[in-house]
Structures are given as structure tokens and as C-alpha cells.
Amino acid sequence: MRVRFAPSPTGALHIGGARTALYNWLLANGPAGEGAAGRRGSFVLRIEDTDRERSTEANVEQILDALSWLGLDWDEGPLSQIANTPRHRMALAQLLAEGHAYHSSADAEVVRAYKERHGADRGFRGTPEASGAVRLRVPDDGVTSFTDLVRGEVSFPNASMDDPIIARADGSVLYNFAVAVDDLDEGITHVVRGEDHISNTPKQLLVFNALGAEPPRYAHLPMLLGADGKKLSKRHGAASVQELRDRGYLPEAVNNYIALLGTGFAPDEEFFTMAEMAERFRLDRVSRSPAVFDEQKLRHLNGMHLRALPVDELTRRLEQFTGRSGLRAAVEISREKIQTLADFWPLAGFLFDGPRTDPDALAKVLGAAGARDVLTEVRQRLAALEVFDAHAVEQQLRAVVAERGLKPGQVFQPLRVAIAGTTVSPGIFETVAVLGRDRTVALIDRALAG
RNA sequence: GCCCCCAUGGUCUAGUGGUUAGGACGCCUCCCUUUCACGGAGGAGAUCGCCGGUUCGAGCCCGGCUGGGGGUACCA
């Protein structure tokens with residue numbers, strides 16, 4: 001099995017493209033491979049850059065960067081489609097010579113006029129000219145069909161198809177022609193791509209036909225939509241892979257989540273590693289209907305992956321994300337409470353930068369009846385502690401709760417606000433322990449004085 | 001307009017002739033360190049888009065319709 005991911009560098013790698021790349025990767029790394037049990041297939045990366053106007057080197061870099069971050073490594077490439085121009089021209093000359101293609105100066109205007117005469121369901125058929133763009137000859141009748149690996153039989157009546165333009169008047173080839181030639185040359189066995197390519201498939205099939213070659217198998221993945229049910233775009237928030245990375249999502253979680261948008265790996269389980277997904281992925285299990293991207297669920301899954309990481313590894317990632325160091329102790333007590341890397345600093349940053357300033361929290365919690373009194377007692381008890389760890393801190397705080405007949409929060413919240421500056425922090429006992437006796441006492445004093 | 005694809009709670013999915021239609025996210029209630037999150041216990045939420053047909057029996061099979069999506073470029 002030989003698959004490929006062929007993005008066009010006209011923008012950043014979007015979630016839809018990422019999922020296409022992921023599914024191809026899963027196929028190449030899974031047990032699939034038709035008969036070749038346990039044998040890894042190969043994954044080719046090809047940059048579809050025949051549109052010289054819109055393709056940029058910066059976009060290529062961004063796509064490569066996003067794929068690397070996701071861990072979707074490829075075996076061959078990145079191949080540049082434009083680099084294969086000589087071969088494209090040869091194939092084009094062959095089709096022209098054999099009468100499978102012809103020059104035509106007909107433009108959109110001419111095609112429209114043609115349809116007005118012949119009916120909207122009649123595909124355009126031009127007459128050969130000496131020069132002009134090159135059109136592929138589509139049979140007048142019959143159907144061009146294929147067995148889509150996710151959708152089953154799909155067929156297009158030839159009569160309804162226009163003779164597609166496969167090369168511009170200047171001789172440069174167009175997408176539908178270049179892809180077919182490249183897929184053939186690269187020995188691609190399975191083309192797995194977005195559903196937006198489904199109507200391109202018959203054209204490419206016709207190119208294979210004209211070339212007298214056996215086409216690969218095709219599979220078209222359902223679209224990914226935004227929350228409004230529209231095709232995913234920049235308007236939908238974090239639509240590109242780098243945006244997701246910048247917002248603190250883990251590549252493990254992004255892969256896991258986008259894989260779920262389109263297929264299930266088990267009836268009652270959703271947390272999977274790449275290896276598990278590769279092991280279980282099957283094209284015939286892929287959904288045929290479009291899916292809506294839901295960041296809430298991504299967040300949840302991210303939290304799961306985050307917690308599945310060893311503390312040292314999570315610390316390493318958080319240090320890279322925040323640009324700070326010495327985070328391990330804070331990470332250890334915060335990991336249960338964050339869902340993304342970006343959640344960490346707002347929760348635990350005060351451990352390094354000192355309490356935050358939240359006047360409302362201060363006024364409300366420390367202004368509550370008896371709060372300062374409670375805090376004063378807490379201070380004395382903590383200051384007198386011999387062994388200063390989370391367990392000892394908890395004992396003291398609970399003693400205050402019990403002896404005064406208060407609710408836990410009436411003791412914990414004033415303390416929390418005193419040391420964190422807000423009502424938000426990791427678990428209070430652990431936080432106090434990490435802070436240490438001296439800093440804790442000093443912070444309480446400061447709060448009581450303020 | 002024309003061609004193609006699709007249709008299970010708000011969202012993602014499981015379910016391929018007989019199930020109280022399963023799970024997850026989200027939402028609500030309660031518990032846990034009155035936050036946040038995790039975990040736990042409950043709950044609301046689906047006439048399986050609609051109408052016919054096949055069948056003893058249909059979410060599952062067939063047809064039509066409606067709705068949504070994709071394509072319709074000398075873009076990819």
C-alpha cells in the first residue's frame with residue numbers, strides 16, 4: 001500500500017487537511033496493506049504547486065512544520081509537483097498525438113453558450129483547433145465510475161461532463177492532469193482525500209484511461225464543518241494546526257480528536273494513541289457524512305492526553321510553552337486541573353510571579369464575616385508546623401474547620417485568596433506545601449495587612 | 001440550473017432486520033478541597049429528516065421527497 005498526502009500550499013494546514021494527512025498516515029502505519037499483513041505501507045508527501053499564482057514557499061514551510069508537529073512523518077518527499085513538469089509535458093504530448101486531447105480556445109463564455117443550445121446537462125464538447133488550451137476528450141456516452149472505499153459505487157454520466165481543460169494555452173498543465181500523472185508515476189495505490197475532490201475523480205480516471213494505465217483506488221473523506229455548519233475557515237477560530245498548537249493543544253490530542261471526526265475506533269472508548277489508531281483504522285469504517293468541529297470536545301480530550309503524559313514530559317512541554325523553567329512542582333499539583341498548556345500559567349503562575357491582583361475576590365472573600373479572624377488562626381497554625389507538607393497542612397486546616405464548626409470553604413478560600421490573589425489555584429494543601437512555610441506566612445501577613 | 005455525495009439527541013460517534021437505540025462532549029442536580037479541573041452518583045435531551053414500499057418485524061433493504069454539503073475555473 002502506497003498512499004500520499006498532496007496539499008496545495010495556498011495557505012496554512014487546516015484541520016481538514018490535517019485529518020486527511022492523518023488518515024493517510026494511519027493507513028501507511030497500520031496493518032492494512034492488502035494481504036501484506038503487518039507490513040508498513042509508504043506515505044508520500046507531495047506539494048501540489050501547479051498554481052504558481054497562489055503557491056508560496058512560506059506556506060510550504062508552514063505545512064511541513066504543522067505535519068512535523070503532529071508527528072505525521074512521511075517516507076518520501078516533499079515532492080514538488082511543478083518539478084515534474086517535463087514528464088507532464090510528455091504525457092500531454094502523448095494524449096494530443098493519440099487524439100485523446102485537443103487544443104481549444106473555448107473559454108467559459110463559449111461553454112455557457114454551448115449549454116444554452118444543448119441543455120445544462122450536456123457536457124461541453126469542443127472542436128480541435130491549432131492552438132489554445134488543451135482539453136481532454138470525454139466519451140459522449142457511458143459512465144465513468146469507481147468504487148469509493150468509503151462510499152461504495154459512484155458513477156458519473158459521461159454525457160454530463162465537460163471536456164476538462166488539462167493544460168493552459170501556454171502549455172502548463174492543470175491540477176486534474178498533473179495529479180493523475182503523478183499518482184501514476186509515484187505508484188500510488190490508494191488516493192485518500194477530501195470529498196471536495198470526488199467530482200474530480202472521473203476526470204482523473206479518464207486521464208488514466210487515456211494514458212492506458214491502471215488507476216489507484218479512491219476514498220473520499222467527509223468534509224469538516226464549523227459550528228455553523230459551514231465549511232471550516234479562518235472565521236471559525238482555531239482552524240489551522242498552528243493555531244491549535246499556540247492555544248496549548250497537544251499533538252496527541254489533536255490527532256486523536258480529528259481522527260474521531262469521521263470514524264469510531266471502538267463502540268465505547270474515545271481515547272487513543274497513534275499506535276492504537278493505526279492498528280484499528282479502516283477506510284470502510286469511515287463516516288460518509290460531514291462532521292462539525294467542536295473545540296469543547298477537543299479541550300476535554302486534550303486534558304486526558306495531558307494527564308496521560310508523565311510529569312517530566314508534561315513539565316518539559318509546559319516549560320517550552322511558557323518559556324519558564326523550574327516548573328515541575330507546580331506542574332505536579334496543577335495537572336489535574338488544566339485542559340490545555342495555556343491553562344497552566346493562569347492557574348499556577350502566582351507560584352512564581354507572586355499573587356495576582358483581583359480586588360473583587362479580595363474584597364469578597366477577605367471581607368466576609370470572620371474571614372480575617374480565621375486567616376489569622378491559620379497563619380499561627382501553619383507557622384508553628386514542624387513538617388511542612390500537604391498532609392500536615394491539610395490536618396491543620398481541617399482542625400480549624402472542625403473546631404470552629406465552619407464549612408471547608410470558609411477556611412480554604414480566605415487562605416487561597418491570600419496566597420494566590422484570586423479564588424483560583426491548584427489544590428490548596430498542595431499549593432501551600434509547594435510555597436513553603438515562609439512564603440505562605442509572608443503572603444498571609446501581607447493579605448492581613450492590606 | 002446541471003452533476004455528485006450525505007442524513008442516528010445540540011455536537012462527534014456505535015448500531016448493518018427483532019436493542020428499554022449504546023458511548024463521548026456539552027447541559028442540569030448531588031458528592032469530593034464553595035474556584036477550576038479530575039473522579040463518582042443521578043438526570044434532561046432522539047417520534048433514528050419526511051412519505052411510501054419490501055418484510056411477521058426496518059435506524060438498518062428499495063423508491064420518492066425535503067434538507068444539507070461538494071463540484072461546476074486556462075484554481076487546487
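Biologist: Why is helix α8 (residues 251-260) described as largely enclosed by the rest of the structure?

Modeller: In this predicted model, nine of the 10 residues of α8 are buried, so the helix is largely enclosed by the rest of the structure. A residue is called buried when its relative accessible area is under 20%. The residues of α8 that meet this criterion are Pro251, Ala253, Val254, Asn255, Asn256, Tyr257, Ile258, Ala259 and Leu260.

Biologist: What backbone feature is found just after α8?

Modeller: Gly262 takes a positive phi there, of about 140°.

Biologist: Why is Leu70 called buried?

Modeller: Its relative accessible area is 4%, and the cut-off for a buried residue is under 20%; Leu70 is therefore classed as buried. Leu70 is found in helix α2 (residues 57-70). With neighbours within four places in sequence left aside, Leu70 is in contact with Ala18, Val241, Pro251, Val254, Asn255 and Met274. Of these contacts, Pro251, Val254 and Asn255 are among the buried residues of α8.

Biologist: How far apart are Leu70 and Gln242 in sequence and in space?

Modeller: Leu70 and Gln242 are 172 residues apart in sequence, and their C-alpha atoms are 10.0 Å apart in space.

Biologist: Why is Trp25 called buried?

Modeller: Trp25 has a relative accessible area of 11%. Buried requires a value under 20%, so Trp25 qualifies. The residue is placed in helix α1. Beyond its neighbours within four places in sequence, Trp25 is in contact with Phe43, Gly71, Leu72, Asp73, Met274 and Ala278. Met274 also appears among the contacts of Leu70. Trp25 and Trp74 are 49 residues apart in sequence, with a C-alpha to C-alpha separation of 7.9 Å.

Biologist: What makes helix α5 (residues 175-185) count as mostly covered, and what covers it?

Modeller: Eight of the 11 residues of α5 are buried, namely Asn176, Phe177, Ala178, Val179, Ala180, Val181, Asp182 and Asp183. The elements that cover these buried residues include β1, β2 (42-47), α3 (85-97), β8 (165-167), β9 and α6 (201-210). After α5 comes Gly187, which has a positive phi near 65°.

Biologist: How do you know that α6 is itself mostly covered?

Modeller: In α6, eight of the 10 residues are buried. They are Thr201, Pro202, Gln204, Leu205, Leu206, Val207, Phe208 and Ala210. Just after α6, Gly212 has a positive phi of about 70°.

Biologist: Which residues lie closest to the centre of the largest pocket, and which elements contribute two or more residues to its lining?

Modeller: The largest pocket holds about 1100 Å³ of space. Its lining has 37 residues, and those closest to the centre are Pro7, Ser8, Thr10, Asp196 and His197. The elements that supply two or more lining residues are β1 (2-5), α1 (15-29) and β9 (190-194). The greatest share comes from α1, with four residues. By class, the lining comprises 15 nonpolar, 12 polar and 10 charged residues.

Biologist: What makes the peptide bond from Gly77 to Pro78 notable in its geometry?

Modeller: The bond is cis, with omega near 5°. Pro78 lies in strand β3 (residues 76-80).

Biologist: How is chain A divided, and how far apart are the centres of domain 1 and domain 3?

Modeller: The division gives domain 1 (2-79 + 174-225), domain 2 (89-167) and domain 3 (349-449). Taken over C-alpha atoms, the centres of domain 1 and domain 3 are separated by 57 Å.

Biologist: How do you know that the side chains of Arg379 and Asp445 make a polar contact?

Modeller: Their separation is 2.5 Å, and a polar contact calls for N or O atoms within 3.5 Å; the pair therefore satisfies the distance limit. Arg379 lies in helix α16 (residues 371-383). Residues up to four places away in sequence not being counted, Arg379 touches Val441, Ile444 and Asp445.

Biologist: Why is Gln396 classed as buried?

Modeller: Gln396 has a relative accessible area of 19%. The class is defined as under 20%, so Gln396 falls within it. Gln396 sits in helix α17 (residues 390-404) and touches Arg381, Leu382 and Leu385, residues up to four places away in sequence being left out.

Terms used
Residues are numbered from 1 along each chain as its sequence is written. Chains are lettered from A and ligands numbered from 1 in the order in which they are written. This is a predicted model: local features need pLDDT of at least 70, side-chain atom pairs count only at pLDDT 80 or more; totals for chains, interfaces and linings use all residues. Side-chain values use heavy atoms; hydrogens and water are left out. On a 1 Å grid over the protein atoms alone, a cavity is a set of points where a 1.4 Å probe fits but cannot get out, and a pocket is an open set with protein on both sides within 12 Å along at least five of seven lines; lining residues have an atom within 4 Å of a point. Grid points are joined across faces, edges and corners, and a volume is the space filled by probe spheres set on the points. Ala, Val, Leu, Ile, Met, Phe, Trp, Tyr, Cys and Pro count as nonpolar, Asp, Glu, Lys and Arg as charged, and the others, Gly among them, as polar. A polar contact is a pair of N or O atoms within 3.5 Å; within protein, one must be able to donate a hydrogen and the other to accept it, and residues adjacent in sequence count only if both atoms are side-chain atoms. Contact means heavy atoms within 4.5 Å. Domain bounds come from an automatic or database domain assignment. Buried means under 20% relative accessible area, exposed over 50%, partly exposed in between (1.4 Å probe, protein chains only).
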